[in-house]
Amino acid sequence: MFAQIRPDNGRTALIEDGRTVSYGELDAASRRFAAGLLGGKADLEEERIAFFLPGSADYVTVMHGVWRAGGIAVPLNTGSAIPELEHYLSTARVTRLVARADDCANLAELCAQCGTELLDVAKLGSEEAVSLPDLPETRRAMILFTSGTTNKPKGVVSTHANIRAQITALIEAWEWSEEDAIPLFLPLHHIHGIINVLGCGLWAGAAVHLFGKFDMERIVRGVAAGDYSLFMAVPTVYVKILQYLEGLESESAEKICSGFGAMRLNVSGSAACPVPLFEQWRKRTGQVLLERYGMTEIGMAISNPYRGERRAGHVGQPLPGVEVRLVDEDGSVVDGEGQPGEIHVRGPAVFLEYWDNPQATAESFTDDGWFCTGDMAVLDGGYYRIMGRSSIDIIKSGGYKLSALEIEGVLLNHPAIAEIAVVGAEDEMWGEAVAAFIVLQGGAQLSFEELKAWCDGRLSSYKVPKRVQFVEALPRNAMGKVTKPDLRPLL
Ligand code: MLC
Ligand code: AMP
């Protein structure tokens, strides 16, 4: 993976706040960083090194430095609450955490608790010339935390070979080249930002423009100026841009729309792109969005074609090197069109395992090596169409996958809450919004505002319920279990 930074291509790798970093500089910086991490050792031997950094040249240097030194990179969500970070550090048994000086003060107590050494990113490079380990591609490279139908997020482990397969499939399918330029504003603890944008960009020798976060004004200024050839985002971002354009005078809006129209590709994914959004984007910018389907565990699996019909409401066909099948409720492989089934995926891009969790790993694969995604789809005129997820306990909000059970588990610690059911409520902006039905303890009082304030520091902001209904009781089935599907129409 790291080998793909070509130091002598004479091109710009990263652009951050007007500062450019060439491939040669990035290569040298990541080598120095690797040497600093190694501190005389020959190989980090899969030591877990976490980093708490916004999308920045520092982030890229650290990630590649960890890889070059033979460690496992654990990029953290800089928006996480401390208890969430504690889970990541302790689950992955992280030995060292790299952060900026400004953040170190806030992380010191946590690191002391977890027995994790805290390192200031500015102080870690070593000028000493060291030889870096020669690593097999089977070496574990990265742990990303993902929510599922269990209470706490699980660590998805990918090897260098997995990452290579995930990246090269997209380079081939979407015809990435070193002439490309792309803005990167998605969070860098998920594959959309890490693999589809940063990984592909660097592999291709393209220019990646770094924004620490989604900064509408700066990003659309770059679009209007013709700075980018590619744009990749979650549907919420496209909704936000369309809304923003509505508020502009027509000349400024036109410049931005023409900027999008002049790009060679706009991609949407991580959540369903509603057909009206697809149509509005085409009408406003002239771009036909390319929708694709993926998952942390498998990279991108299915994509509409770069050349050929991009069909609204559909995700297309399997990417190069990816095998896909649909399996119905009886466990039979679906043969042909029009019959829904769970998406199963196989191939070199599929992750190795859930970290330290052989049971979850075993449960998510069939005996013959297919990964069971939990997403339902149907083949419809030669194109896959996603129908939803088999579990109501998984919510997709703004492209983030959230576990209803994790959120319920945290909120149940509130002294006024007796019972709670969290669900995803349909939402035009966010796809789904986190919604909670709450039964209060007898005599207790709690307002929505008080609940939100209580969540601060306990949950990342996008996990905090955006809609709440206080109810007398939760509906139950004959077995006494809360029946969530019945709740959604009430929102
Ligand atoms: C934030 N807000 C939300 C929210 N997230 N409200 C409802 N639902 C949510 N999910 C609120 C905040 O509380 C705040 O409210 C206001 O919106 C602005 O918050 P923000 O964080 O500043 O928003 P913004 O920066 O505009 O972020 C929007 C976004 C972001 C879409 C850019 O959510 C994002 O980056 N999402 C992408 C996640 C991603 O990369 N997923 C890929 C996973 S990998 P207030 O009241 O304070 O103003 C994967 C595989 C695959 O899925 O296939 O790719
Ligand atoms: P994550 O676990 O965060 O990687 O999210 C992966 C999940 O996002 C998938 O299992 C799907 O449920 C969802 N997803 C990704 N792309 C799409 C898409 N194009 N349409 C619908 N759902 C999608």
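Hi everyone, let me start at a turn: in the hairpin of β1 and β2, with two residues between the strands, aspartate 17 takes a positive phi near 50°. Before I go on, please keep in mind that this is a predicted model.

Staying with that hairpin, strand β1 covers residues 12-16 and strand β2 covers residues 19-22, and four bridges join the two in an antiparallel arrangement. Right beside the turn, glutamate 16 has arginine 19 in β2 as its bridge partner. β1 also pairs with β10, this time running parallel, through three bridges. Leucine 14 is one residue to look at there, since its bridge partner in β10 is valine 208.

For those who like backbone angles, a quick reminder: most residues other than glycine have a negative phi. So where else does a residue that is not a glycine take a positive phi of about 55°? Glutamate 175 is one such residue. Glutamate 175 sits in the loop between α5 (160-173) and β9, and with a relative accessibility of 34% it counts as partly exposed. Aspartate 356 is another residue with a positive phi of about 55°, again without being a glycine. You will find aspartate 356 in the loop between β18 and α11 (358-364).

Now to the inside of the protein. The largest nonpolar core has 81 residues, and those touching the most other members are Leu14, Phe51, Tyr59, Met142, Trp176 and Leu202. Which helix gives this core its largest share? That would be α6, with nine residues. Leu14, by the way, is the β1 residue we just met opposite valine 208. Tryptophan 176 is worth clicking on too: leaving out residues up to four places away in sequence, its contacts include Leu170, Ile182, Val197, Cys200, Leu230 and Met232. The list also has some polar company, including Asn196 and Arg264. There is a second, separate core as well, with 29 residues, among them Ile219, Val223, Val237 and Ile241.

On to the aromatics. How many aromatic pairs does a search of the whole structure find? The count is 13. Let me take phenylalanine 185 and phenylalanine 214 as an example: the ring centres are 5.2 Å apart and the planes meet at 65°, so this pair is edge-to-face. Phenylalanine 185 is in the loop between β9 (181-184) and α6 (191-204), while phenylalanine 214 is in the loop between β10 (207-210) and α7 (216-224), so the pair ties together parts 29 residues apart in sequence. Are these two rings buried or exposed? Phenylalanine 185 is buried, at 4% relative accessible area, whereas phenylalanine 214 is partly exposed, at 24%.

My other example is phenylalanine 351 with phenylalanine 371, also edge-to-face, at 5.3 Å between centres and 85° between planes. Here phenylalanine 351 is in the loop between β17 (341-346) and β18 (353-354), and phenylalanine 371 is in strand β19 (residues 371-380), so parts 20 residues apart in sequence are tied together. Both of these rings are buried: the relative accessible area is 3% for phenylalanine 351 and 1% for phenylalanine 371.

Going back to Phe185 and Phe214, ring pairs join them with Phe231, Tyr238, Phe260 and Trp281 into a cluster. Rings also meet charged side chains. Arginine 311 lies over the face of tyrosine 383, 3.9 Å from the ring centre. Lysine 452 does likewise over phenylalanine 448, at 4.7 Å from the ring centre.

Let me finish with the sheet that contains β19. Four strands make up this open sheet, in the order β16-β17-β19-β20, and their pairing is antiparallel. Which strands are at the edges? They are β16 (323-327) and β20 (383-389), each pairing on one side only. From one strand to the next, the twist averages 45°. In the middle of that order, β17 and β19 pair in the antiparallel sense over four bridges, and glutamate 342 stands opposite methionine 376 in β19.

Thanks for listening, and I'm happy to take questions.

Key: Residues are numbered from 1 along each chain as its sequence is written. Chains are lettered from A and ligands numbered from 1 in the order in which they are written. This is a predicted model: local features need pLDDT of at least 70, side-chain atom pairs count only at pLDDT 80 or more; totals for chains, interfaces and linings use all residues. Side-chain values use heavy atoms; hydrogens and water are left out. Rings of Phe, Tyr and Trp (its six-membered ring) pair if their centres lie within 6.5 Å; planes under 30 degrees apart count as stacked, over 60 as edge-to-face and the rest as tilted. Buried means under 20% relative accessible area, exposed over 50%, partly exposed in between (1.4 Å probe, protein chains only). A charge sits over a ring if NZ of Lys or CZ of Arg is within 6 Å of the ring centre and within 35 degrees of the ring normal. Two strands pair if DSSP finds at least two bridges between them. Axes are lines fitted to C-alpha atoms, for helices over the stretch in contact, and angles run from 0 to 180 degrees between N-to-C directions. A nonpolar core is a set of buried Ala, Val, Leu, Ile, Met, Phe, Trp, Tyr and Cys residues joined through side-chain atoms within 4.5 Å. Contact means heavy atoms within 4.5 Å.
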